[in-house]
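Biologist: I have a model open and would like to go through it. Can you put it on screen?

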Amino acid sequence: LKQTFLEELKSVRNLADLSNIKVKYLGKKGIITSDLKSLSKVPPEERPLLGKRINEIKQFIETELDLQESRLKHEELKRQLLSESLDITLSGKFIPFGTLHPINKVLSEVTEIFIKMGFSVEEGPEVELDYYNFEALNIPRDHPARDMQDTFYISDDIVLRTHTSPVQIRVMEKRKPPVRFIAPGKVYRCDADITHTPMFHQVEGLMVDKGITFSNLKGVLEAFLHQMFGENIPVRFRPSFFPFTEPSAEVDIGCILCNGAGCRVCKTSGWLEIMGAGMVNPRVFEYVGYDPEEYSGFAFGMGIERIAMLKYSIDDIRLFFENDIRFLKQF
Ligand code: PHE
């Protein structure tokens with residue numbers, strides 16, 4: 001029996017063969033098992049000796065099978081490792097990295113500068129009530145200033161916000177002064193020509209406390225512009241009008257376009273308007289329940305596309321939204 005077993009064991013090629021032999025000898029109906037069962041038919045005096053022999057063979061078979069099993073498993077593992085091994089000399093696939101959109105880059109740069117000056121960051125909805133976008137900002141229904149803002153209307157009293165100024169109202173409604181925050185976000189206007197896009201970005205700013213003056217406004221905005229464009233950039237405040245500020249100003253910076261070949265003054269004029277600003281109109285304070293006798297403040301709103309165009313010498317605003325990879329990957 002031992003001999004036949006060993007012969008059979010030699011022909012084993014894999015774990016499946018091995019399991020077949022195991023069943024054949026040690027299984028429920030296997031040779032050894034039935035030998036042990038048939039011991040009962042042997043005369044009692046022969047049983048101990050025969051039993052001992054069969055058990056010896058059983059143990060021998062078990063040991064041999066175990067040995068063979070670990071050998072086969074080892075070989076299998078070796079084969080597997082070989083087939084799965086990596087060829088580290090193979091050159092890799094190039095996976096290109098994306099870049100931040102220039103608008104997002106400028107937005108986070110602007111935000112950083114104001115955070116350093118102690119401003120917090122607020123957000124408001126892009127689909128806005130007429131009340132917040134116009135009414136509470138002292139722009140009543142028949143006010144000509146509504147024509148200035150070519151508004152996308154959703155319904156009679158719901159609009160796509162035309163500026164980030166409604167966030168001023170929303171924040172003042174829920175907080176008592178002092179407040180000092182900026183509110184970056186998307187705004188929508190339907191004036192259609194090549195220098196305007198129907199959606200663009202603004203950063204609103206508001207600072208309200210006791211004794212805030214126009215000097216604070218100038219100081220904060222100049223500090224911002226100098227950090228954004230460098231100490232040497234010319235800054236100009238021009239008188240202007242907004243229903244929600246009084247007095248109002250528009251802020252220009254000297255428009256200089258630079259590229260590898262050098263810098264030049266912009267075609268249109270030497271100045272580029274990038275911001276509206278002013279002292280918060282007392283009527284606005286009345287809408288939010290602030291006492292205009294006790295508090296004063298300034299507000300500003302800047303166009304991010306304009307700032308990005310200056311910063312990166314981009315001459316066409318439409319480039320930002322065409323998503324041409326060749327354009328985007330330059331930033
Ligand atoms: N909301 C104005 C605009 O969109 C900008 C502005 C903001 C002006 C705050 C004054 C104060 O043009």
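Biologist: Do β6 and β12 pair parallel or antiparallel, and over how many bridges?
Modeller: β6 and β12 are antiparallel, with eight bridges between them. Strands here are DSSP runs of E with at least two residues, helices are runs of H or I with at least four, and both are numbered from the N terminus. Two strands count as paired if DSSP finds at least two bridges between them.

Biologist: Anything I should know before trusting this?
Modeller: This is a predicted model, in which local features need pLDDT of at least 70 and side-chain atom pairs count only at pLDDT 80 or more, while totals for chains, interfaces and linings use all residues. Numbering starts from 1 along each chain as its sequence is written, and side-chain values use heavy atoms, leaving out hydrogens and water.

Biologist: Back to that pair. Which residue of β12 stands opposite Gln-202?
Modeller: Gly-303 does.

Biologist: What order do the strands of the sheet come in?
Modeller: The order is β1-β5-β6-β12-β11-β8-β7, seven strands in an open sheet with mixed pairing. At the edges are β1 (120-121) and β7 (235-242), each pairing on one side only.

Biologist: What does β7 do with β8?
Modeller: They run antiparallel, joined by seven bridges. A hairpin links β7 to β8 through two residues. Within this pair, Phe-237 stands opposite Val-251 in β8.

Biologist: Now the ligand. How many residues surround it, and which are the closest?
Modeller: 14 residues do, and the closest are His-163, Ser-165, Arg-189, Gln-202 and Gly-301. A residue counts if one of its heavy atoms lies within 4 Å.

Biologist: Which strands supply at least two residues of that shell?
Modeller: β6 (199-209), β11 (271-280) and β12 (296-303) each do. The most comes from β12, which gives three residues.

Biologist: How many of the shell residues are nonpolar, polar and charged?
Modeller: Five are nonpolar, seven polar and two charged. Asp, Glu, Lys and Arg count as charged; Ala, Val, Leu, Ile, Met, Phe, Trp, Tyr, Cys and Pro as nonpolar; the others, Gly among them, as polar.

Biologist: What polar contacts does Arg-189 make with the ligand?
Modeller: A polar atom in the Arg-189 side chain lies 2.8 Å from a ligand oxygen atom. The limit for such a pair of N or O atoms is within 3.5 Å. The side chain of His-163 has an N or O atom 2.9 Å from a ligand nitrogen, and a polar side-chain atom of Ser-165 is also 2.9 Å from a nitrogen of the ligand.

Biologist: How much of the ligand does the protein bury?
Modeller: The protein buries 93% of the 330 Å² that the ligand exposes when taken alone, by the Shrake-Rupley method with a 1.4 Å probe.

Biologist: Where are the cis peptide bonds you list?
Modeller: One runs from Pro-177 to Pro-178, with omega near 5 degrees. Pro-178 is in the loop between α8 (166-174) and β5 (179-188). Another joins Glu-246 and Pro-247, with omega about 0 degrees, and Pro-247 is in strand β8 (residues 245-254).

Biologist: Why mention those?
Modeller: Because most peptide bonds are trans, and most residues other than glycine have a negative phi. On phi, Ser-313 has a positive value of about 50 degrees though it is not a glycine. Ser-313 is in the loop between α11 (304-312) and α12 (319-322).

Definitions and conventions:
A polar contact is a pair of N or O atoms within 3.5 Å; within protein, one must be able to donate a hydrogen and the other to accept it, and residues adjacent in sequence count only if both atoms are side-chain atoms.
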